[in-house]
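Open the model in your viewer and keep the sequence panel visible. Each stop below says what to select and what is there.

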Amino acid sequence: MVFELYTWGQGFELPSLDPLCLTIETYLNLTNASWVANECNNPSASPSGELPLLRDGKEYICGVNNILTYLSKQGLDLSKSLNDQQKAETLAYSALVNDRLMDGLLYAWYGDQENFTQITRPTYAKLLPLALRYYTPVTLRKTALTKIEKYGFPKEEGKKPKKEAVAPEIYELVRDHYRVLSKKLGEQQFFFGDSPTTLDAVVFGQLALHYYPELPNARLATMLKEEFPNLGHFCDRVRGLAFSKPVEKSSSLDTPSPLSGLLGSPVSWFKNNFLIRFTGTKEAAPKTPEQEEFERKRFLSIFGAAWFMIAFVVYNGIISIQTVEAEDEDDDEEYYELD
């Protein structure tokens with residue numbers, strides 16, 4: 001079976017300009033999975049409103065953690081050789097990468113006006129149809145500024161942040177986390193020895209977009225090159241291993257709707273995208289307000305899709321509901337027939 005990954009397209013000489021999409025693409029290649037990339041550049045194709053989205057036959061799986069869990073259950077598990085302690089470390093370091101280091105990337109790409117105007121916006125615009133080339137980058141920027149508002153960066157357009165206070169705080173935070181990753185990696189080829197694991201895919205997906213883009217204000221790349229060269233060499237190593245050949249593109253022009261997976265395989269859809277987070281054996285980390293809001297919107301999306309499906313089925317007569325009177329007038333009952 002060939003997986004199809006709906007993803008953001010190429011940028012900065014990398015297969016995807018999105019760290020989460022790049023993580024899954026890296027993972028798929030490191031496991032030698034058979035897959036193709038569908039560069040739809042359309043987050044609305046996913047019920048979560050974000051890419052990547054993985055298709056496996058009639059099943060659709062959204063969200064990096066859900067996709068990684070699903071792939072591991074299909075026998076594509078980069079962490080199968082790790083012990084329980086190493087698996088716990090993988091979860092901890094992955095949370096560090098996808099939270100604080102992501103904040104640093106958001107500031108560098110969207111908070112820095114010069115970087116956004118000269119590089120970020122034009123790079124996204126190349127991937128988008130004409131009608132969306134202005135709207136989508138600006139929308140992405142508003143979302144990013146909301147997330148880094150906690151550092152004192154105003155999300156309202158027109159207000160100027162106290163850049164001298166905001167930038168050092170974010171970059172110092174990023175530097176601290178680089179230091180943690182650098183110490184963990186040490187002189188090893190990969191984070192747990194000589195073979196890549198899930199953590200290597202997660203770290204590369206994020207760090208590659210800190211390291212390779214040539215920005216006017218390239219503070220992140222400069223730190224990696226000058227202060228943490230082992231992380232830079234790590235990026236080169238994983239890039240050479242995972243992407244020695246071009247990513248195969250999907251020939252399909254089909255873009256799924258948020259209902260595709262639900263209508264195709266309802267049980268699997270809820271299992272892979274909704275209930276899966278309740279099956280873990282480890283205690284989940286406390287959610288940030290942004291994560292709680294995301295989960296709320298995700299639940300409403302799935303709940304609304306389910307009601308839409310039920311209404312569609314009843315309206316088109318796929319299921320008819322009839323009420324008859326039983327012979328015993330004292331005991332009215334209802335029954336349901338499937339046409």
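Show the whole chain as a cartoon: the protein has 12 helices and six strands. This is a predicted model, so colour it by pLDDT, the predictor's confidence in each residue, from 0 to 100. The average for the protein is 81, and 70% of the residues score at least 70. Of the 339 residues, 46% count as buried. Among contacts with a separation of 6 or more, 72% are between residues 24 or more positions apart.

**Stop 1: the low-confidence stretches**

Select residues 274-285, where the pLDDT stays under 50. The model has 12 contacts for this stretch beyond four places in sequence. Then select residues 320-339, where the pLDDT is also below 50. Here the model shows 13 contacts beyond near neighbours in sequence.

**Stop 2: the four-stranded sheet**

Select β1 (residues 3-6), β2 (35-38) and β3 (53-56), and β4 (59-62). In what order do the strands lie in the sheet? The order is β2-β1-β3-β4, in an open sheet with mixed pairing. β2 and β4 are the edge strands, each paired on one side only. On average, neighbouring strands of this sheet are turned by 20 degrees against each other, direction ignored.

Zoom in on β1 and β2, which pair in the parallel sense over four bridges. To find one of the partners, pick Y6 and look across to N38 in β2.

Keep the sheet visible and add helix α1 (residues 19-30), which packs on it and touches β1 and β2. The direction of α1 makes about 160 degrees with that of β1. Now add helix α2 (residues 64-73), which also packs on the sheet, touching β1, β3 and β4. The angle between the direction of α2 and that of β4 is about 130 degrees.

**Stop 3: the hairpin**

Hide the helices and select β3 and β4. These two strands run antiparallel and are joined by four bridges. L53 has C62 in β4 as its bridge partner. The two strands form a hairpin with two residues between them. Click on G57 in the turn: its phi is positive, about 65 degrees.

**Stop 4: inside and after α2**

Bring α2 back and show its side chains. Which residues of α2 are buried? They are V64, N66, I67, L68, Y70 and L71. Move on past the end of the helix to G75, which follows α2 and has a positive phi near 90 degrees.

**Stop 5: E50**

Select E50, in the loop between β2 and β3. Is E50 buried, exposed or partly exposed? Its relative accessibility is 40%, so E50 counts as partly exposed. Next, measure from the C-alpha atom of E50 to that of G63: the separation is 7.5 Å, although the two residues are 13 apart along the chain.

**Stop 6: two crossing helices**

Two packed helices are described by the angle between their axes and the distance between the axes. Select α3 (residues 84-111) and α4 (residues 113-125), whose axes come within 6 Å and cross at roughly 90 degrees. That is why α3 counts as roughly perpendicular to α4. From α3, the residues A108, W109, Y110 and G111 take part in the contact; they meet Q113, N115, F116, T120 and Y124 in α4. By type, the residues of this contact are five nonpolar, four polar and no charged.

Definitions and conventions. Residues are numbered from 1 along each chain as its sequence is written. This is a predicted model: local features need pLDDT of at least 70, side-chain atom pairs count only at pLDDT 80 or more; totals for chains, interfaces and linings use all residues. Side-chain values use heavy atoms; hydrogens and water are left out. Buried means under 20% relative accessible area, exposed over 50%, partly exposed in between (1.4 Å probe, protein chains only). Axes are lines fitted to C-alpha atoms, for helices over the stretch in contact, and angles run from 0 to 180 degrees between N-to-C directions. Angles under 35 degrees count as roughly parallel, over 145 as roughly antiparallel, 65 to 115 as roughly perpendicular and the rest as oblique. Contact means heavy atoms within 4.5 Å. Ala, Val, Leu, Ile, Met, Phe, Trp, Tyr, Cys and Pro count as nonpolar, Asp, Glu, Lys and Arg as charged, and the others, Gly among them, as polar. Two strands pair if DSSP finds at least two bridges between them.
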